Amino acid sequence: MKQLFYMMKWPVVFAILALIFTACEKDDPIPENEPYIPGSHGVFILNEGSMGKNNAGLSYFNFETGNTTTDILSGKLGDTGQDMLAYGSKLYVSVNESAYIRVVDLYARASVDSIALKDGSLPLKPRYLAAYEGKIYATISAKVGSVVRIDTATLKVEAVTKVGSYPEGIVAVNGKLYVANGGQGAGNTLSVVDIAGFREERTITVGINPYIIRADKYGDLYLTYQGDFGEDTGGMQRIDTKTGSVTQLAISANRNFVIDDDLLYFFGVTYNADYSVNGSFGVFDVKTETLTANSIISDGTKIDIPYGIGVNPQTKDVYIADTDYATPGTIYIFGQDGKNKKSIRTGINPNTFVFY
Amino acid sequence: MVKHILFLFFCLAFVAPCLSAQQDTTKIHSLDEVEVKASAQGSSFKASSPVQVLKADDLAKINALQVSDAVKFFAGAQVKDYGGVGGLKTVSIRSLGAGYTNIAYDGIPVPDYQTGQTDLGRFALENVEMLAFHIGESDQIFQTAKVQSLAGALNIITQSVPAEGEKKQKLKASLKAGSFGFINPSVWYGQVLNKTFSANVSADYLQSDGDYPFKQTIGHTDGGIDYKKRNNSDVDKWNVEMNLAGNFANEGKLLFKTLYYDAQRGLPGPAFYYVDMPAGERLNDRNFSTQIHYTQAAGKKIDFQTNAKFDFAFTDYTNPEQNLKSLFYQRGFYLNATFLYKFSEQLSFSWANDGDYGNFSSNQKNNVSPSRKSWLSALSGKYEIPVFNITAKLLSVIADDDVQTGNTAAHYQHLSPYIGFSVKPVNAFPVRLRAFYKNTFRMPTFGDMYYSPVTNVNLKPENARQYNLGLTLSTACGDIFPYLSVSGDVYHNRVQNKIVAVPTANMAFWSVRNYGKALIKGLDLNATAHIQTGPQFLWRINGVYTFQNALDKTDPQKETYNKRLIYATRHSASGYIGLQTPWIEFNYTILYSGKRYDSTINIPESQMKPFTEQGISFVRTFNSNQKRFTLSAECLNLFDVQYEVVRSYPMPGRSFRFGIKFNY
C-alpha cells in the first residue's frame, strides 16, 4: 500500500500543479451575440478569415440598434468565406476550403442548411456565386474548373459543367452564364455557358487574370481583371452580351465593385515601389457610360488595403472594407457627401456585403 | 503571479530541508562529472548560461521517439509541432523564433540556408547519446565559431564508437511498433578495429501511416464536435550513418562521420472544417552529409581542433492538384580551425575561425541560385576557479551573398559580444549566481530574401539581445536525496529589425521587411531530484516551468502593439518521473501549455485553450551474461486530450507503442 502511495504521489503533485496553471488562466469570454430582433434591418458582412484557421464568419450590423455582431454563426462557418448572395429569402455563402455552401435565413438570420460540394469523394471548392431562375451557380476552383448548379428548392447539387482553369467571378444574364477564368493569374478568357444545355459554348478573350464580373440592366457585363501583378496592373472591361465585343474602360477599377441601379461603385489597388498599397475609388454611370466621381471619400479617411465594397440601396451609403489580412477588419461607412459616418469592426478580411 | 509563488514554494519545500544539512562538497562535484559527459558542455551547475542535458537513459524515460519529443522537456524551449510523426517540428529558444537555434550534430551546425530552421523530427533518438540544450552560450570555449553564432544551440551528440578498454564488439537492435501503422526497426553495430581505430554503423527505418483520428470542435459555442481522421499524414523515412574514430599515439583524436537520410511524407495541410481532403501535397527530403573532426594537443599550452563538413540536401515538393513539382538543392561547405591557449590552470583563450559557403538552387521560375560566403571568427577568454568563472567572447561575422541572375549587393558585417559569469558566493553553500549577456545577429535566409513572393534583397539582419540572471543549486541530501539540482533564471530578450512578412494588395503577395520589434521577459525554473526510497527504489524527477511575457513592440499606433506574439504562452511546464524498481521501470511524463493566440491581436476568437498531455511507460529489462534484453510499452497522451500546437493542425490522441531491444 505504501508502495502504491509512493507510486502515485508525484503524478498527483504534477496533476495538481497543472490544474493550478489551468485554473489561473481563464478563457477570454467570446462576446455574446446581439439577441435576434424580428423585423430589424441591417447588413450582412462576410469575413473571409485567414486561410487554415477555420475563422471565416458572418457579421451583422443592425441599423436599428446600431450594434454589430461579429459573427452570427459563432465561428462555425469554416475556412475561407469567399462570396455570398441573397436570393429569395435565403443568403447563400460559399466557403472555399471547407468546400460547401451555407444557407442562412435572411429574415431569421440563422443557418438553415449546408450544401456539401463533392465529386465522388473529391471536395469541390466554391469561389463565386450567381443566381438565376431558381438556381444557384457556383464556380469551382480547380485546375480543370467547373460550375455547379444548385436547386434552391431542394438545396441539392443538380449538375456540374466544365469551364476554364481556376474560375473566379460568375454572372447570369439572358440564359447565359459568364465565368471569369482566372487560371491562378494565367487566364484571360470568359467562358460563356448556355444555361439550358448547361454547357460551355464559347469563350471571350479578356484581360489577364479576370476576376469579378457583374451585369447592369442594359445587357452589358463589367469585368475587373487583376493583371500579372507586374507591368500589367489590371483594369476594367465592358462586354456587350449581344455582340461579345470587349471595351477597355479608362478607370482605376481592378478589384471588386458593385452595381446599384445605374451606378457602379468600384475600387482599385496599385503597389508602390516598397509594395505598400494605394487604394483608389470611384463611381461609374453604366447608363451614360461615364465616370461620375473619381473618389468616394472626401474627408481624407485612409483605407490601408481596400478589400470589399457595398452600397446601401436605400440610403446610398458606401461601405468600404479595410483589412490587414491578419487582424479584424474595419468597415468605413461613407455618406453621399463622402464623409465617414461610422466605422464598424468585423472579423478577419471582410469582403462582401448583403443589405437586408 | 500567484502561481509563480506557489511554484517557488513547491520548489523550496523540498530544497530547504537539505540546505540546513551539512554538505559534502566532494560528493557534489563527483556527481557533476557523472552528470555530464566529459567531452560535452561542462557542468550545468557551474555554467554561466543555462544548459540542460538529457542523456540516453533519460530519453528512454520520456517516451521520446524523435529529438523534438525530448526538447519539449527543456525549460525555455518552445516546440512548434504540426502534429503526427511526420509533421514539421522546430524549436525556438525563449520565443525568439526557430531561426535563432543552432541545431548541431556532434558539434557542427546543420545548415539550412533556405529557412534557417531544421526539422527536429528528422533525428532518430536510437543513435543519440545525449542532447545538450544551451540558452545563450556554452562555457566551452574550445569549439567552432558557427555553433556560437545564434541565441542558443541544441547539440545532438551521437553514441560514441566503442572506446578502448570496452568490449571489442557491441550490437544494439531494436524494434518498435505502435498505433497508426507505426513501425521502427533500428540497428547499431560498433567494433574496435585496432589500437587506433574503432567504427560503428547504424541504420534506422521508420514508417507511419499517420492516419490518426481526431476530434474537431466546431466554432466557439454549441457547434458540436466532428470526428475525423488525419489524411495524407504518412511518413516513410530511413537513415544510415557511419562513424570512424581514431585515437592516435600522439593524443590526436579523430571523428569521421557520414550519413544519408531519406524521408517521404505527405503534407496533410490544415484540417478545414467539414471536409476531408484527399491525399495531395507530398515532400521528399534527402540529405547526404559528411563531416570530420580532429583534435590535437600541440604542446602543453596549446590545443588545436579542426572540423570540416559537406552537406547536400535535396527537397522535392509535389502538389498533384496544381500540377506543381518544385525541386530544391542545397550544398554547404564548411571548414573550421580553433586554437586553445592555456595560459594557466585558470585562464585560457581560444580563437576560432570558420569559413562557410552555401549555395541553393531550384527549378522555380523565380530561381536566382543564391550563394553565401560567411567568415566567422570568435575570440574567447575564460577564467575559472572553483568559486568563480567568467567567459567572454567576441564573434565577428562577415558574409557576402551572390546570385547567378539579378543583382545583390548583400554584404553583412557584425561584431557580437558575449559575457557570462557564475559565482558561488558562500563556499559551503551549494548555490551559484549566474548572469550573461549575448548579442546575436541573425542573417536573413535565402527564403526571406530571394524566394518570398515579393523578394527583398535589401534585408538587414535581425538583432537580438539576451540578458539572463539566475541561481543554480546542486546538492545531495543524505541517502534519500542522492542528487538534487534546482535552477531559476529570469531573462529579458529584445529583438530589433525583426524580419516579418508585410501584406500587400494581394494576399498571396507578402513582402518581407525589417519591420518588427519584440520584447520577451520571462522566468525559467528547472528542478531535478533523485530520491532513494529503498535500497532498490530510485525515483528520478524533473520539472520545468516557464513564465514569459513575449510582446510585440513594433508600432504603438497598431492594435497589435504590446500584444502577445503569435503562439506565445504565458505559462508552460513539463516534467517526468521515473521509478526504478528491481522488477520494472515505470515512467510518467507531463506537458502543459497555457493559453495562446493564433493571431497577433489576441482577440478571444483567436485564443487556443490550455492543454495538458500525459504519458506513461513500463520497461522491463532482462540481463544475462553480457546481453541485455528490454521490453517496453508506452501509452502516449494517456487521457486522449485533443489539442493543437499550430491552429488547425490536430495532434494525435491516445496512442500506444511497444518495443523490444537487444544489447550485446
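Two strands pair if DSSP finds at least two bridges between them. Keep that in mind as you click through this predicted model, because strand pairing comes up at nearly every stop.

**Stop 1: colour chain A by confidence**

Chain A has a mean pLDDT of 92, with 93% of its residues at 70 or more. Now select residues 1-5 of chain A: pLDDT stays under 50 there, and the model gives this stretch zero contacts beyond four places in sequence. Where pLDDT is low, the predicted coordinates should not be read in detail.

**Stop 2: the sheet with β4 to β7**

Select β4, β5, β6 and β7 of chain A. They make an open, antiparallel sheet of four strands in the order β4-β5-β6-β7. At the edges you'll find β4 (81-87) and β7 (110-116), each pairing on one side only. From one strand to the next, the twist averages 20°.

Zoom in on β4(A) and β5 (residues 90-95) of chain A, which run antiparallel and are joined by six bridges. Show Leu85(A) as sticks, and look for Tyr92(A) in β5(A) standing opposite. In a regular strand the side chains alternate between the two faces of the sheet.

**Stop 3: a second sheet in chain A**

Next, pick β3, β2, β1 and β30 of chain A. This is another open sheet of four strands, antiparallel, in the order β3-β2-β1-β30. Its edges are β3 (68-69) and β30 (350-355); each has a single partner strand, so one side of each has no neighbour in the sheet.

In this sheet, β1 (residues 42-47) and β2 (residues 57-62) of chain A pair in the antiparallel sense over six bridges. For one matched pair, select Val43(A) and its bridge partner in β2(A), Phe61(A).

**Stop 4: into the core**

Which residues touch the most other members of the largest nonpolar core? Select Val93(A), Val147(A) and Ile170(A): they hold that place among the core's 80 residues. Apart from this core lies another of 79 residues, including Phe73(B), Leu125(B), Ile531(B) and Leu579(B).

Back in chain A, centre on Val147(A). Beyond its neighbours within four places in sequence, Val147(A) is in contact with several residues, among them Tyr137(A), Ile140(A), Val163(A), Ile170(A), Leu177(A) and Val193(A).

**Stop 5: a lysine in a loop**

Jump to Lys125(A), in the loop between β9 (122-123) and β10 (126-132) of chain A. Is Lys125(A) buried or exposed? It counts as buried, because it has 25 C-beta neighbours inside 10 Å, and the cut-off for buried is 20 or more.

Leaving out neighbours within four places in sequence, the contacts of Lys125(A) are Asn96(A), Glu97(A), Ala99(A), Ile140(A) and Ser141(A). Try a distance too: the C-alpha atoms of Lys125(A) and Ile101(A) are 9.5 Å apart, with the two residues 24 apart along the chain.

**Stop 6: over to chain B**

Select β19 (residues 370-385) and β20 (residues 388-403) of chain B, an antiparallel pair joined by 16 bridges. The two strands form a hairpin with two residues between them. Within the pair, Tyr383(B) has Ile390(B) as its bridge partner in β20(B).

Add β21 (residues 411-423) of chain B, which pairs with β20(B) in the antiparallel sense over 13 bridges. Here, Val397(B) is matched with His414(B) in β21(B).

**Last stop: a proline**

Finish at Pro535(B), in the loop between β25 (510-534) and β26 (537-552) of chain B. Pro535(B) counts as exposed because it has 8 C-beta neighbours inside 10 Å. From there, draw a line to Asp479(B): the two residues are 56 apart in sequence and 9.6 Å apart in space, C-alpha to C-alpha.

Notes
Residues are numbered from 1 along each chain as its sequence is written. Chains are lettered from A and ligands numbered from 1 in the order in which they are written. A nonpolar core is a set of buried Ala, Val, Leu, Ile, Met, Phe, Trp, Tyr and Cys residues joined through C-beta atoms within 7 Å. A residue is buried if 20 or more other C-beta atoms lie within 10 Å of its own, exposed if 12 or fewer, and partly exposed in between; C-beta atoms are placed from the backbone. Two residues are in contact if their C-beta atoms, placed from the backbone, lie within 7 Å. pLDDT is the predictor's confidence in each residue, from 0 to 100. Axes are lines fitted to C-alpha atoms, for helices over the stretch in contact, and angles run from 0 to 180 degrees between N-to-C directions.
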